[in-house]
Amino acid sequence: MKTKIIAAAILIAASLTILYSFKAQQGSEEKADFAVIKVLEPISGVLMSAGIFLSYGNGKTETAEFESLTYKKAPRNAETLHSYFVRMKKEGYKLKAATGGDYNSTYIFEKE
């Protein structure tokens, strides 16, 4: 009986420790200021819309037109993406990570 009580007390203490550690991590995440740029740039003719999306989180997302990728449209898309990168720098963000696939790219910025 005494062993079961000790085991239950340890289980409760461990659960509370884990709960409070997650709570502390959540608070630190809320203080970090991130922005994400998502680019969808399919090749012309693919049944997918092109676009660029800038999200600051908390429902603050902007969208902009982007051209489906062709050789002639690629420079215009590069200029649009460049303007977003310049904007992020002016707003005090620094690029932290970038990843991409066939038709999409994601850029993660953190406020300095």
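This is a short viewer tour of one predicted model, going from a helix to its ring pairs, its core and one strand.

**Stop 1: helix 2**

Select residues 74-90, which form helix 2. The helix has 17 residues, and at 1.5 Å a residue it should span 24 Å. Its end C-alpha atoms are 24 Å apart, so the expected span and the model agree.

Now show the side chains of Asn77, Leu81, Tyr84 and Met88, which are buried. Look down the helix axis: the buried residues fall within an arc of 50°, so they line one face of the helix. The spacing has a simple background. An α-helix has 3.6 residues a turn, so residues three or four places apart point the same way.

Turn to the face directed away from that buried side. Exposed residues sit here: Glu79, Lys89 and Lys90.

What do the buried residues of helix 2 pack against? Select strand 1 (34-40), strand 2 (51-55), strand 3 (61-65), strand 4 (93-100) and strand 5, and you have the answer. Before leaving, click glycine 92, which follows helix 2. Its phi is positive, near 90°.

**Stop 2: the aromatic pairs**

The whole structure holds three aromatic pairs. Start with tyrosine 56 and tyrosine 93. Their ring centres are 6.0 Å apart and their planes stand at 50°, so this pair is tilted. Tyrosine 56 is in the loop between strand 2 and strand 3, while tyrosine 93 is in strand 4, so the pair ties together parts 37 residues apart in sequence. Tyrosine 93 is buried, at 7% relative accessible area.

Next, select phenylalanine 85 and phenylalanine 109. Here the centres are 5.5 Å apart and the planes are at 75°, so the pair is edge-to-face. Phenylalanine 85 belongs to helix 2 and phenylalanine 109 to strand 5, so this pair ties together parts 24 residues apart in sequence.

Are these two rings buried or exposed? Phenylalanine 109 is buried, with a relative accessible area of 4%. Phenylalanine 85 counts as partly exposed, at 27%. Add Tyr107 to the selection: ring pairs link Phe85, Tyr107 and Phe109 into a cluster.

**Stop 3: the nonpolar core**

Keep Phe109 on screen and add Ile37, Val39, Ile52 and Met88. These five have the most contacts inside the largest nonpolar core, which has 13 residues. Strand 1, strand 2, helix 2 and strand 5 each give two or more residues to this core.

Zoom in on isoleucine 52. Leaving aside residues up to four places away in sequence, its contacts include Ile37 and Val39. Leu81 and Tyr84 are also among them, and both are buried residues of helix 2.

**Stop 4: strand 5**

Select residues 104-111, which make up strand 5. Serine 105 is here. Measure from its C-alpha to that of isoleucine 37: the two residues are 68 apart in sequence and 8.1 Å apart in space. Beyond residues up to four places away, serine 105 touches Ile37, Lys38, Val39, Thr99 and Gly100.

Threonine 106 is also in strand 5. What does its side chain make a polar contact with? Show lysine 38: the contact is with its side chain, at 3.0 Å. Threonine 106 is buried, with a relative accessible area of 14%. With residues up to four places away set aside, it touches Val36, Ile37, Lys38, Ala97, Ala98 and Thr99.

Definitions and conventions: Residues are numbered from 1 along each chain as its sequence is written. This is a predicted model: local features need pLDDT of at least 70, side-chain atom pairs count only at pLDDT 80 or more; totals for chains, interfaces and linings use all residues. Side-chain values use heavy atoms; hydrogens and water are left out. Helices (H or I, at least four residues) and strands (E, at least two) are DSSP runs, numbered from the N terminus. Contact means heavy atoms within 4.5 Å. The expected span of a helix is 1.5 Å times one less than its number of residues. Buried means under 20% relative accessible area, exposed over 50%, partly exposed in between (1.4 Å probe, protein chains only). The arc is that of the directions from the helix axis to the C-beta atoms. Rings of Phe, Tyr and Trp (its six-membered ring) pair if their centres lie within 6.5 Å; planes under 30 degrees apart count as stacked, over 60 as edge-to-face and the rest as tilted. A nonpolar core is a set of buried Ala, Val, Leu, Ile, Met, Phe, Trp, Tyr and Cys residues joined through side-chain atoms within 4.5 Å. A polar contact is a pair of N or O atoms within 3.5 Å; within protein, one must be able to donate a hydrogen and the other to accept it, and residues adjacent in sequence count only if both atoms are side-chain atoms.
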